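Good morning, colleagues. Please have the sequence and the structure open while I speak.

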Amino acid sequence: MNPASSYLNAAQTILERIVATQQDNIQRAADICVETIAGDGLVHLFGTGHSRMFIEEMYPRHGSFPGFHPIVELSLTFHNQVVGANGQRQAMFIEHVEGFARQILRNFVLRPPDSFMIFSNSGVNEVVVEMALEAKALDLPVIAVLSVDHCTASAPKHSNGKTLLDIADVTIDNGTPAGDALVTVEGLEDPVGPGSTVGAAAVVNAVKCLVADGLTKRGKPPLVLSSSVFSGDASAAKFDASYDDYRRRVRRVYGD
């Protein structure tokens with residue numbers, strides 16, 4: 001089998017694993033989000049490194065809607081420089097600094113019925129663990145999206161010895177095996193082709209669809225960023241309405 005086919009087959013296995021094992025956890029996570037958003041709260045989204053992708057997949061994105069608050073700390077996620085100023089080495093160093101998550105959250109006003117969704121493939125690095133601890137200290141529910149295989153195979157790094165698995169109220173397994181990379185190429189020592197991108201993106205959108213369903217059943221249908229393919233000329237107005245609703249919702253967390 002050629003490496004491309006090997007990757008696609010492995011990616012399909014990840015999705016099948018999620019379908020077979022994670023639907024209850026996805027529903028539990030969606031229920032938390034529905035309670036938060038229906039109560040005019042915010043589901044705060046946080047992750048470091050490539051996990052930024054899943055934050056932006058939740059909102060803003062076509063087929064998405066307000067109620068989710070992306071917290072994207074550029075010093076932890078701005079990787080396109082690779083080396084030099086804002087380089088990868090600095091970002092990877094900072095995500096191990098205890099106390100940094102607390103400083104990030106000092107910029108926001110957080111309170112129930114808010115909740116948190118934290119993305120991390122490993123679930124062990126200090127910043128994501130601390131972010132979960134800070135959210136719990138504020139009495140906010142925490143949802144973790146991670147690789148259970150990778151997390152359980154990794155030693156805790158936070159000084160308290162905890163991982164996201166120990167802290168989260170709901171954990172959704174992204175279905176990716178430990179190590180993330182899925183394909184072994186003949187003659188190459190290290191595997192290539194990470195799978196967490198596929199698994200976590202699938203989880204995000206599964207949760208999103210259930211939240212839309214739950215809000216609509218409560219008589220609070222969300223304002224969706226809708227493609228012109230579906231709504232024609234009305235799509236621009238729907239985008240404006242969605243952005244306006246997002247601005248209204250997030251105004252409070254910035255101390256208004």
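I shall go from the whole chain to one strand, and then to several loops.

Please keep in mind throughout that this is a predicted model. The protein chain contains 12 helices and 7 strands. Its C-alpha atoms occupy a box of roughly 55 × 40 × 40 Å along the principal axes. How does the radius of gyration agree with that of a compact globule? For 256 residues, a compact globule would be near 18 Å, and the protein chain has 19 Å, so the two agree.

Let me turn to burial and surface. Of the 256 residues in the protein chain, 47% are buried. The exposed area of the chain is about 12300 Å², and carbon and sulfur atoms account for 54% of that area. As to contacts between residues at least 6 apart in sequence, 78% join residues at least 24 apart. The chain carries 21 positive and 29 negative charges, and the mean positions of these two sets lie 7 Å apart.

I now come to strand S1, which spans residues 43-47. Is this strand mostly covered or mostly exposed? S1 is mostly covered, with 5 of its 5 residues buried. In a regular strand, side chains alternate between the two faces of the sheet. On one side of S1 we find Val43, Leu45 and Gly47, and on the other His44 and Phe46; every one of these residues is buried, so both faces are covered. Which strand pairs with S1? The partner is S2, residues 68-71, and the pairing is parallel over 4 bridges. Within this pair, Val43 stands opposite Phe68 of S2.

Next, the peptide bonds. Where are cis peptide bonds found? One joins Tyr59 and Pro60, with omega of about 0°. Pro60 belongs to the loop between helix H3, residues 52-58, and S2. Another cis bond joins Pro112 and Pro113, where omega is about 10°. Pro113 sits in the loop between helix H6, residues 100-105, and strand S3, residues 115-119.

Two aspartates deserve a separate word on backbone angles. Asp40 is not a glycine, yet its phi is positive, at about 65°. This residue, Asp40, lies in the loop that runs between helix H2, residues 23-38, and S1. Asp180, likewise not a glycine, has a positive phi of about 75°. Asp180 is placed in the loop between strand S5, residues 170-173, and strand S6, residues 181-183. Which class of burial does each of them fall into? Asp40 has a relative accessible area of 42%; buried means under 20% and exposed means over 50%, so Asp40 is partly exposed. Asp180, at 11% relative accessibility, is under the 20% limit and therefore counts as buried.

Finally, I would draw your attention to Arg218. This residue, Arg218, is in the loop between helix H10, residues 196-217, and helix H11, residues 228-231. With a relative accessibility of 44%, Arg218 counts as partly exposed. Which residues does Arg218 touch, leaving aside those up to four places away in sequence? They are Val34, Glu35 and Ala38. Arg218 and Val34 are 184 residues apart in sequence, while their C-alpha atoms are 9.2 Å apart in space.

That concludes my presentation. Thank you for your attention.

Methods. Residues are numbered from 1 along each chain as its sequence is written. This is a predicted model: local features need pLDDT of at least 70, side-chain atom pairs count only at pLDDT 80 or more; totals for chains, interfaces and linings use all residues. Side-chain values use heavy atoms; hydrogens and water are left out. The radius of gyration is taken over C-alpha atoms; the globule rule is 2.2 Å times the number of residues to the power 0.38. Buried means under 20% relative accessible area, exposed over 50%, partly exposed in between (1.4 Å probe, protein chains only). Contact means heavy atoms within 4.5 Å. Accessible areas come from the Shrake-Rupley method with a 1.4 Å probe; for residues, only the protein chains shown count as cover. Lys and Arg count as positive and Asp and Glu as negative; His and the chain ends are not counted. The place of a charge is taken as NZ of Lys, CZ of Arg, CG of Asp or CD of Glu. Two strands pair if DSSP finds at least two bridges between them.
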